[in-house]
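Biologist: Could you take me through one part of this model in detail? I'd like to hear how the helices pack and what sits between the pieces.

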Amino acid sequence: MEVKTINEINLNENPVLAQMATMGHEQLLFCNDEETGLKAIIAIHSTVLGPSLGGTRMWKYANEMEALNDVLRLSRGMTYKNSISNLNLGGGKAVIIGDSHTMKSEAFFRRFGKFVESLSGKYITAEDVGISPEDMGWVSKETRHVVGLPGKSGDPSPVTALGVYMGMKACAKIQFGSDSLAGKKIAVQGVGHVGEYLVKHLTNEGAEVFISDIYQQTLDRVSSTYNARVVAPQDIYDIDMDIYAPCALGATINDETLAKLKCSIIAGAANNQLRNESIHGQAVMDKGIIYAPDYAINAGGVINCFSEVHGLSSEWAHTKAEEIYQTIYNIVSRSQEEKLPTYQIANAIAEERIKAVGIIDFTK
Ligand code: NAD
């Protein structure tokens, strides 16, 4: 099985339409508004399974190419995440080029909302890095194709943490023969929105939890509330642990960390955990570590968004997030049977579902 991996692209060598063809994107919308200073790109990767859904990221990109690269990669990632989660949603994403601390205003986000509206529901937006529920409230004055609004489905982090917890248990079932996490040494890197809820599940089950964060206040609160042991950020890869749960940054699975990590499972919420999908996805497998593919295990957030799109209850979202146990179990079992890295199996399952529904060429 040959699966194309999602690595860095070089737009200087490959012009935009050619790049869209290579990565299988349907549509790009470049948005410019002189009055408010809005500069944004909306990328629709696929609407085969349903309207594309993915958050809006606001970031001080160094240049347009960097923003374009990010939105193409992230929107494609959403197609895979929504597909593997069995949601009837396609993949999309938006990036706004600018400083989220100085450029925001009602007019700014209403202009952005008009651009989202112009796509007539082919793209549904939500929060991502640099965007708050209040910003989305302004967007919603111009379009109904937006989720994550104040007073609606709310903070997705508890649902994300539940999914990560269930996926971690599925990995434990395969690696240790039991899905109980009682007594297991688990290191949670980053105890922000998702990390803290995850620590709660783990300590409730009797796991021995180690935590690290760069904010002392957060660390103090979480360690005293849940009786978790604090580890300095730079020491987290060296400790004796069964499970490493990255819940802060991407790319923490790389040559340097793999030389240190002594865990037998990696299962966490962070996006893009493998610095290089093909190299480090294979390397974790070679070390006998079970890696739960990030976009499959952290899908609780998008499940929460889906519940808002369709007016479903939070009970529905929780039950759906619990199904991440079976999704991860299937991926890891198949990875062991076929002797292929888990990320490759996850990509293949996501692609199989899309192929079964519509025509999209993943062989390029
Ligand atoms: P957050 O910002 O609330 O928490 C991240 C925490 O990591 C912060 O407390 C931060 O201080 C800490 N941190 C940053 N650098 C660190 C380092 N070097 N070492 C240790 N800690 C560090 O974010 P979140 O919403 O909890 O999301 C965590 C991760 O999960 C992110 O990668 C996010 O993209 C991903 N994710 C989140 C959701 C969600 O529902 N919130 C859904 C899917 C994926």
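Modeller: Sure, here is a walk around helix H5 and its partners, followed by the wider setting.

Keep in mind that this is a predicted model. H5 covers residues 157–176, and H6 covers residues 193–204. Their axes come within 8 Å and cross at roughly 50°. That angle makes H5 oblique to H6, and the crossing is right-handed. On the H5 side, the residues that meet H6 are Ser157, Pro158, Thr160, Ala161, Leu162, Val164, Tyr165 and Met168. H6 answers with His193, Val194, Tyr197, Leu198, His201 and Leu202. Sorted by class, this contact has 10 nonpolar and four polar residues, with no charged ones.

Now for another partner of H5, namely helix H13, residues 324–338. Here the axes also come within 8 Å, and they cross at roughly 35°. H5 passes H13 in a right-handed crossing. From H5, the contact takes Gly163, Met166, Gly167, Lys169, Ala170, Cys171, Lys173 and Ile174. H13 brings in Ile324, Tyr325, Ile328, Tyr329, Val332, Ser333 and Gln336. By class, the residues split into nine nonpolar, four polar and two charged.

There is one more helix pair to look at, H11 (residues 300–309) with H12 (residues 314–322). These two axes come within 9 Å and cross at roughly 145°, again as a right-handed crossing. Ile303, Asn304, Phe306 and Ser307 of H11 meet Trp316, Ala317, Lys320 and Ala321 of H12. That gives five nonpolar, two polar and one charged residues in the contact of H11 with H12.

Zooming out, the chain is divided into domain 1 (17–139) and domain 2, which is built from two stretches, 157–301 and 318–344. Taken over C-alpha atoms, the centres of domain 1 and domain 2 are 28 Å apart. Seven residues from domain 1 and nine residues from domain 2 make the contact. As for putting a number on such a contact, the size of an interface is often given as the accessible area lost when the parts come together. Between domain 1 and domain 2, the buried area is about 670 Å². Carbon and sulfur atoms give 58% of that area.

Key:
Residues numbered from 1 in each chain as written. Predicted model: local features only at pLDDT ≥ 70, side-chain atom pairs only at ≥ 80, totals over all residues. Heavy atoms only, no water. Axes fitted to C-alpha atoms, helices over the stretch in contact; angles between N-to-C directions. Helix = DSSP H or I, 4+ residues; strand = E, 2+ residues; numbered from the N terminus. Parallel < 35°, antiparallel > 145°, perpendicular 65-115°, else oblique. Left-handed = near helix turned anticlockwise from the far one by under 90°. Contact = heavy atoms within 4.5 Å. Nonpolar A, V, L, I, M, F, W, Y, C, P; charged D, E, K, R; others polar. Domains from an automatic or database assignment. Buried area = accessible area lost by both parts, 1.4 Å probe.
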